[in-house]
Amino acid sequence: MSGELSPIDKAKFVSAKRAAQYVEDGMRVGLGTGSTAAWLVRCLGELVRDDGLKIKGVPTSSRTAQLARDVGIEVITLDEAKWLDLTIDGADEFDGDLNLIKGGGGALLLEKIIATASDQMVVIADVGKEVETLGAFPLPVEVIPFGWQTTQALIEETLISMDVLGRTSTLRMNGQTPYVTDEGNHILDLHLNRIGNARQLALVLNQMPGVVENGLFIDICDTVVIGYGDGKVEVRDINEGTVATERLDFVESDNLFSDLTE
């Protein structure tokens with residue numbers, strides 16, 4: 001089975017497999033959204049089934065909730081959990097300070113709520129997600145549908161005074177209709193190319209009427225687990241200031257890889 005996976009999928013898998021080691025029996029765990037997070041949910045499902053791991057998962061999207069149930073993870077709401085021991089999620093970009101851009105999968109609002117309601121956030125990513133400066137990936141901003149074009153114009157006008165290279169934005173589409181998040185909102189993708197002051201931009205965006213949340217995750221991530229296509233994994237802990245490198249054996253598992261929902 002390993003021969004059928006591309007190097008990028010191998011990198012996603014080994015980062016997810018390594019991050020699964022942070023999950024302990026009895027934990028309440030936030031489960032991210034996206035292709036890398038899907039590997040993590042599958043890895044945890046295998047531990048639940050084969051090793052008797054008992055956890056409660058709080059998903060960041062309806063897609064993740066369905067996948068978690070499919071692999072045998074007990075799913076609860078954040079209101080039921082109250083607080084989480086750990087959240088494991090992917091990222092579209094991360095920098096050297098472990099600040100992130102998230103929301104490419106359309107779940108940034110719930111992802112940020114759940115991540116900030118956790119004792120620890122671990123990000124899993126392939127090495128291609130690391131950047132020197134955030135902004136190459138379009139920054140998602142979740143907005144309410146009412147007056148979204150006015151909100152878009154306000155955002156673009158405000159970007160003139162921000163330390164960014166690009167100032168255009170596009171409404172995310174789902175075919176011929178606007179994309180709708182699980183919370184019933186739209187997403188504007190900001191094409192900034194480079195964000196000079198991510199902390200300032202995050203604060204300014206969230207002060208605008210019509211903006212629900214933005215995809216800049218500042219001072220939220222504690223650890224990033226970076227996967228490589230050859231099975232190498234690098235673990236960076238921002239709190240401890242440590243960097244550790246190890247190699248994971250790529251074990252074939254039909255149960256793990258079958259019907260993986262991207």
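Let's start in the middle of a sheet, where Val 225 stands opposite Val 235 in strand 16. Val 225 belongs to strand 15, and it shares one side of that strand with Thr 223 and Gly 227. The model we are walking through is a predicted one, so please read every value here as computed from that prediction.

Strand 15 makes a good base for the tour. The strand covers residues 223-227, and five of its five residues are buried. While Thr 223, Val 225 and Gly 227 point one way, Val 224 and Ile 226 point the other way, and both groups are buried. If you turn the model to look at either side of this strand, then, you will find side chains or glycine positions that count as buried, with under 20% relative accessible area.

Now look at what lies beside strand 15. On one hand there is strand 7, residues 121-126, which runs parallel to strand 15 and is joined to it by five bridges. Within this pair, Ile 124 stands opposite Val 225. On the other hand there is strand 16, residues 232-237, which pairs with strand 15 in the antiparallel sense, again over five bridges. Here Val 225 meets Val 235, and Ile 226 stands opposite Glu 234. Val 225 therefore has a partner in strand 7, Ile 124, and a partner in strand 16, Val 235. As a reminder of the general rule, strands of a sheet pair through backbone hydrogen bonds, either parallel or antiparallel.

Strands 15 and 16 form a hairpin with four residues between the strands, and in this hairpin Gly 231 takes a positive phi near 95°. Carry on along strand 16 and you will see that it is mostly covered too, with five of its six residues buried. Six bridges join strand 16 to strand 17, and these two strands run antiparallel. One of the pairings here sets Arg 236 against its bridge partner in strand 17, Val 243. The hairpin of strands 16 and 17 also has four residues between the strands, and Gly 241 takes a positive phi near 70° in it.

Let's step back to the sheet as a whole. It is an open sheet of eight strands in the order 3-2-1-4-7-15-16-17, with mixed pairing. Strand 3 (74-75) and strand 17 (242-247) stand at the edges with a single partner strand each, so one side of each is left without a neighbour in the sheet.

Towards the strand 3 end of that order you can stop at Gly 57, which is found in strand 2, residues 56-59. How accessible is Gly 57, buried or exposed? At 0% relative accessibility, Gly 57 counts as buried. Leaving aside neighbours within four places in sequence, Gly 57 is in contact with Val 29, Leu 31, Ile 73, Glu 74, Val 75 and Ile 76. The C-alpha atoms of Gly 57 and Gly 26 are 10 Å apart, with these positions 31 residues apart along the chain numbering.

Two loop residues deserve a visit as well. Lys 82 has a positive phi of about 70° although it is not a glycine. Lys 82 sits in the loop between helix 4 (78-81) and strand 4 (86-89), and it counts as exposed at 63% relative accessibility. Asn 193, also not a glycine, likewise has a positive phi of about 70°. Its place is the loop between strand 12 (186-191) and helix 7 (198-206), and Asn 193 is partly exposed, with a relative accessible area of 49%.

Finally, here is the protein as a whole. Its secondary structure comes to eight helices and 17 strands. The radius of gyration is 18 Å, close to the 18 Å that the globule rule gives for 262 residues, so the protein is as compact as a globular protein of that length. Along the principal axes, its C-alpha atoms fill a box of roughly 55 × 35 × 35 Å. Buried residues make up 53% of the 262 residues. Of the contacts with a separation of 6 or more, 73% are between residues 24 or more positions apart. The accessible surface comes to about 11700 Å², and carbon and sulfur atoms account for 48% of it. As for charge, there are 22 positive and 42 negative side chains, and the centres of the two sets lie 1 Å apart.

How values were computed: Residues numbered from 1 in each chain as written. Predicted model: local features only at pLDDT ≥ 70, side-chain atom pairs only at ≥ 80, totals over all residues. Heavy atoms only, no water. Rg over C-alpha atoms; globule rule 2.2 N^0.38 Å. Buried < 20%, exposed > 50% of the residue type's maximum accessible area, 1.4 Å probe, protein only. Contact = heavy atoms within 4.5 Å. Areas by Shrake-Rupley, 256 points an atom, 1.4 Å probe, with all protein chains shown as cover. Lys, Arg positive; Asp, Glu negative; His and termini not counted. Charge placed at Lys NZ, Arg CZ, Asp CG, Glu CD. Pairing = 2+ DSSP bridges.
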